[in-house]
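Thanks for coming. I will walk through one model today and keep to what can be computed from its atoms.

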Amino acid sequence: MQLRHQILALATVPLILAIVAVTWLITWQSTNLARASIDTFERNMLQAKQDELLNLTNLALSAIDGIYANAGPEDEEAKEQVKAILNALDYGEDGYFFVYDYDGVNVVHPRQTYRPGQNWLDLYDPNGDRVIYNLIEKAKEGGGLHQYLWEKPSAGVMAEKVSFAVGLDKWEWMLGTGVYLDDVYAQTAAAHEDLRKTINSTFLTVVLIAVPAVLLVFAWLMGLNLHERRMADHKLKELTQRVIDTQEEERTRIARELHDGISQILIGVRYAIDLARRKVESGAEGAPEAIGKGADALNGAIKEVRRLSHDLRPGALDDLGLSAALEALIHNFAERTGIKVSLEAVAFKNMLLPEARTALYRVAQEALNNIDRHAAATEVTIALSSPHGRVQMVITDNGKGFSSDNDRKGGLGLRNMQERMAHFGGSMLVETSPSGTTLRALLPKSVFIRQPRLAEVA
């Protein structure tokens with residue numbers, strides 16, 4: 001029982017592994033797809049920020065173009081006008097324009113008023129980036145983007161910022177503006193958190209569905225195993241009871257044979273011997289005749305013992321083969337019952353397995369016993385042949401047949417015969433009618449020790 005439980009447990013392991021593998025694959029694919037979508041969203045947001053910076057820078061350049069284009073390199077009045085425009089040209093809490101000269105001195109910074117007039121060329125952010133120097137270099141190159149850490153005015157904390165710097169070469173100024181990226185990163189972080197929660201929820205859902213399903217399958221297998229075991233136990237009990245019934249029936253038959261046959265004969269022998277002894281003692285005549293009668297009765301007892309022995313295990317079955325054993329069986333049966341029996345047999349000596357020979361003999365023996373007890377037949381035919389390399393025995397009688405379907409299926413003798421054939425992978429069919437019954441026993445090729453040749457079966 002423990003081994004079968006282990007086999008059932010092992011049978012569910014591939015199912016569990018398959019569910020885990022499918023769940024992992026779906027989760028992995030979903031995670032990669034979602035992460036790709038989030039990365040695409042982040043890139044699109046950053047690109048939108050960069051496009052916004054370009055538009056804002058162009059807006060600022062348009063605002064000062066009328067003044068800057070007509071001013072000279074040393075036009076201080078024009079510079080002051082441009083400073084005023086850029087200081088006023090802000091957008092939102094954290095949107096503003098800043099200006100540094102190429103030496104790093106701050107010219108315009110509307111949010112950090114302490115910066116103008118001071119040189120910030122060597123200013124580094126917490127990541128070690130030389131911010132103002134790099135922005136000026138971008139401006140000298142004709143304009144470009146640069147990302148760094150800078151204090152966010154609305155929050156007062158350092159945050160990621162990307163700025164676009166362009167040069168006003170006539171005045172050697174760097175004009176720039178930037179946008180903070182913390183809102184973009186916050187949105188992507190929120191998306192990643194939602195992804196993590198979704199993955200956990202999906203995995204939990206799969207587990208809640210898969211685990212009960214696996215347990216249900218395992219419970220079903222266990223229930224099926226228990227049901228099969230109970231069925232097997234029931235069948236085993238039935239088989240055991242049938243074996244016991246068969247043994248008791250055979251013992252009853254032998255006891256009846258001993259009582260009605262041998263016992264009565266031996267009693268006759270005893271009376272004959274007693275009679276002969278009295279005649280001898282009294283000197284009366286007839287003692288030899290009494291002894292002769294006793295001897296004849298004793299010979300009858302010996303024949304009866306031989307018949308019983310033959311019924312239990314015929315020696316001809318082992319010594320001469322199935323056909324000879326069947327001939328002896330039907331001869332004794334006909335002599336005992338008066339029913340005419342004919343045999344048409346193929347010689348199977350030394351070709352069939354001993355167990356197969358015994359099974360066929362017992363089937364014939366049981367069939368004849370049933371005919372004697374129930375069929376009221378006067379003629380019986382037994383045909384033993386080898387169609388298509390198999391063994392077939394057909395027993396036909398002209399009796400009254402079976403009275404009902406239950407008699408045909410429920411008889412202990414018939415069930416024993418069917419089980420004998422099924423043991424070798426064979427079959428047994430019974431056809432009955434009021435005009436007689438035909439029993440057909442068929443065994444496969446596997447019961448042959450060697451295949452018969454035409455000369456042997458002719």
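**An aromatic cluster, then charges**

Y68, W171 and W173 make up one aromatic cluster. Before going on, the ground rules. This is a predicted model, in which local features need pLDDT of at least 70 and side-chain atom pairs count only at pLDDT 80 or more, while totals for chains, interfaces and linings use all residues. Residues are numbered from 1 along each chain as its sequence is written, and side-chain values use heavy atoms, with hydrogens and water left out.

Back to the rings. Rings of Phe, Tyr and Trp (for Trp, the six-membered ring) pair if their centres lie within 6.5 Å; planes under 30 degrees apart count as stacked, over 60 as edge-to-face, and the rest as tilted. The structure holds 7 aromatic pairs. One of them joins Y68 and W171, edge-to-face, with 4.9 Å centre to centre and 85° between the planes. This pair links distant parts of the chain: Y68 sits in helix 1 (residues 2–70), and W171 in the loop between strand 4 (157–168) and strand 5 (173–180), 103 residues apart. Helices and strands here are DSSP runs numbered from the N terminus, with helices being H or I of at least four residues and strands being E of at least two. Both Y68 and W171 are buried. Buried means under 20% relative accessible area, exposed means over 50%, and partly exposed is in between, using a 1.4 Å probe and protein chains only.

Now the chain as a whole. The protein chain has 11 helices and 10 strands. Of its 458 residues, 35% are buried. Its exposed area is about 26200 Å², and carbon and sulfur atoms supply 57% of that; the areas come from the Shrake-Rupley method with a 1.4 Å probe, and for residues only the protein chains shown count as cover. Contact means heavy atoms within 4.5 Å. Among the contacts in the protein chain with a separation of 6 or more, 60% are between residues 24 or more positions apart.

Next, charges. A salt bridge is a side-chain nitrogen of Lys or Arg within 4 Å of a carboxyl oxygen of Asp or Glu. A search of the whole structure gives 7 of them. I will take three.

In the first example, the side chains of K83 and E80 meet at 3.4 Å, N to O. K83 and E80 are 3 residues apart in helix 2, so about one helical turn separates them. K83 is partly exposed at 23% relative accessibility, and E80 is partly exposed at 44%.

The next example is D122 with R130, whose closest N and O atoms are 2.5 Å apart. D122 is exposed, with a relative accessible area of 53%, whereas R130 is partly exposed, at 24%.

In the last example, D182 forms a salt bridge with K152, and their closest N and O atoms are 2.7 Å apart. D182 lies in helix 4 (residues 182–282) and K152 in strand 3 (residues 144–152), so the pair ties together parts that are 30 residues apart in sequence. D182 is partly exposed at 28% relative accessibility; K152 is buried, at 14%.

K152 comes up again at D94. Where is D94 placed? D94 is in the loop between helix 2 (76–88) and strand 1 (97–101). D94 is buried yet has no salt bridge, and K152, the nearest side chain of opposite charge, is 4.1 Å away. For charge, Lys and Arg count as positive and Asp and Glu as negative; His and the chain ends are not counted.

What does the side chain of D94 make a polar contact with? The partner is the side chain of S154, at 2.8 Å. A polar contact is a pair of N or O atoms within 3.5 Å; within protein, one must be able to donate a hydrogen and the other to accept it, and residues adjacent in sequence count only if both atoms are side-chain atoms. Leaving aside neighbours within four places in sequence, D94 is in contact with K152, P153, S154, G178 and Y180.

A155 is in the loop between strand 3 and strand 4. A155 is partly exposed, with a relative accessible area of 47%. From A155 to D94 it is 61 residues in sequence and 9.3 Å in space, C-alpha to C-alpha.

Last, Q112, which is in the loop between strand 2 (106–108) and helix 3 (131–140). Q112 counts as buried, at 8% relative accessibility. The side chains of Q112 and R115 are joined by a polar contact of 2.2 Å. Outside its neighbours within four places in sequence, Q112 is in contact with W150 and E151.
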